[in-house]
Amino acid sequence: EEVQSLWSQLQKDEPHLISYFEAFLTQIFTQMQKESKEKKIMEFALERKGAENQEEIEHLYSEMEQQIQMEKLAMFNKASDLNFRCQKLEEKLKIKEREQEELSLSNMRVTSPVILRPTIDGAGGLLGLTLSPAAGHGHNIGVNPLPGIAPIAVCVPP
């Protein structure tokens with residue numbers, strides 16, 4: 001509106017300046033079109049960059065989720081492996097405890113005291129030995145020993 005009133009005033013008062021005014025207006029209009037075009041280009045570039053950034057964020061988020069899943073799986077596998085190894089060690093421990101208990105029982109049988117008594121014939125010759133457990137029945141290897149000969153305590157396996 002103001003431009004139109006200025007143009008009308010110039011045409012009335014100074015018509016020789018109208019061509020300069022029109023050239024000036026054309027130059028301003030051309031500059032405004034150029035700036036509008038650049039603005040659209042900048043907006044498009046900004047939107048494209050925003051979309052690229054959003055894609056990059058989504059890609060990074062997806063990679064992070066995959067890495068978290070892989071680490072969870074690795075931790076689960078490690079825990080499973082440790083649990084399996086723990087079970088195997090517990091089984092070995094039970095086997096060793098049973099073996100130790102069996103050895104202990106066997107050792108108790110082996111280390112129970114036995115008394116050896118020499119058996120001598122009427123002429124004074126050695127006929128054999130009599131085995132007698134400290135508490136229990138004896139196993140005769142010969143005839144009864146002579147009184148007055150001291151018995152010998154030894155350990156004999158059953």
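Here is a chat between a trainee and a mentor about how the labels on this predicted model are earned.

Trainee: What are the ground rules for this model?

Mentor: It's a predicted model, where local features need pLDDT of at least 70, side-chain atom pairs count only at pLDDT 80 or more, and totals for chains, interfaces and linings use all residues. Residues are numbered from 1 along each chain as its sequence is written, and side-chain values use heavy atoms, with hydrogens and water left out.

Trainee: What makes up the protein chain?

Mentor: Two helices and four strands, in the order α-α-β-β-β-β from the N terminus. Helices (H or I, at least four residues) and strands (E, at least two) are DSSP runs, numbered from the N terminus.

Trainee: Why is E43 with K39 called a salt bridge?

Mentor: The label needs a side-chain nitrogen of Lys or Arg within 4 Å of a carboxyl oxygen of Asp or Glu. For E43 and K39, the closest N and O atoms are 3.9 Å apart, so the pair fits the definition. Both residues lie in helix α2 (residues 18-110), four residues apart, about one turn of the helix.

Trainee: How many salt bridges does the structure hold?

Mentor: Four. Among them is K88 with E91, again with the closest N and O atoms 3.9 Å apart; those two sit three residues apart in helix α2, about one turn. Another is E99 with K96, at 3.9 Å from N to O, and these partners are also in helix α2, three residues apart.

Trainee: Why is K39 called exposed while E43 is called partly exposed?

Mentor: Buried means under 20% relative accessible area, exposed over 50%, and partly exposed in between (1.4 Å probe, protein chains only). K39 has 52%, so K39 is exposed. E43 has 38%, so E43 is partly exposed.

Trainee: And what about the residues in the other two pairs?

Mentor: K96, at 53%, is exposed, whereas E99, at 37%, is partly exposed. K88, at 38%, counts as partly exposed, and so does E91, at 43%.

Trainee: What makes F24, I28 and M32 a nonpolar surface patch?

Mentor: Patches are made of residues with over 30% relative accessible area and no salt bridge; like charges are joined within 9 Å, nonpolar side chains (Val, Leu, Ile, Met, Phe, Trp, Tyr) within 5 Å. F24, in helix α2, has 45%, so F24 is partly exposed. Together with I28 and M32, F24 makes a patch of about 300 Å². Areas come from the Shrake-Rupley method with a 1.4 Å probe, and for residues only the protein chains shown count as cover.

Trainee: How much of the protein chain is buried?

Mentor: Just 8% of the 158 residues. The chain's accessible surface comes to about 13,900 Å², with 60% of that belonging to carbon and sulfur atoms.

Trainee: How do you know which parts to trust?

Mentor: Check pLDDT, the predictor's confidence in each residue, from 0 to 100. The chain's mean is 81, with 69% of residues at 70 or more. Among the elements, α2 has the highest mean (94) and strand β3 (residues 139-140) the lowest (44).

Trainee: Where does pLDDT stay under 50?

Mentor: Over residues 135-146, for which the model has 23 contacts beyond four places in sequence, and over residues 152-158, with 16 such contacts. Contact here means heavy atoms within 4.5 Å. Where pLDDT is low, the predicted coordinates should not be read in detail.
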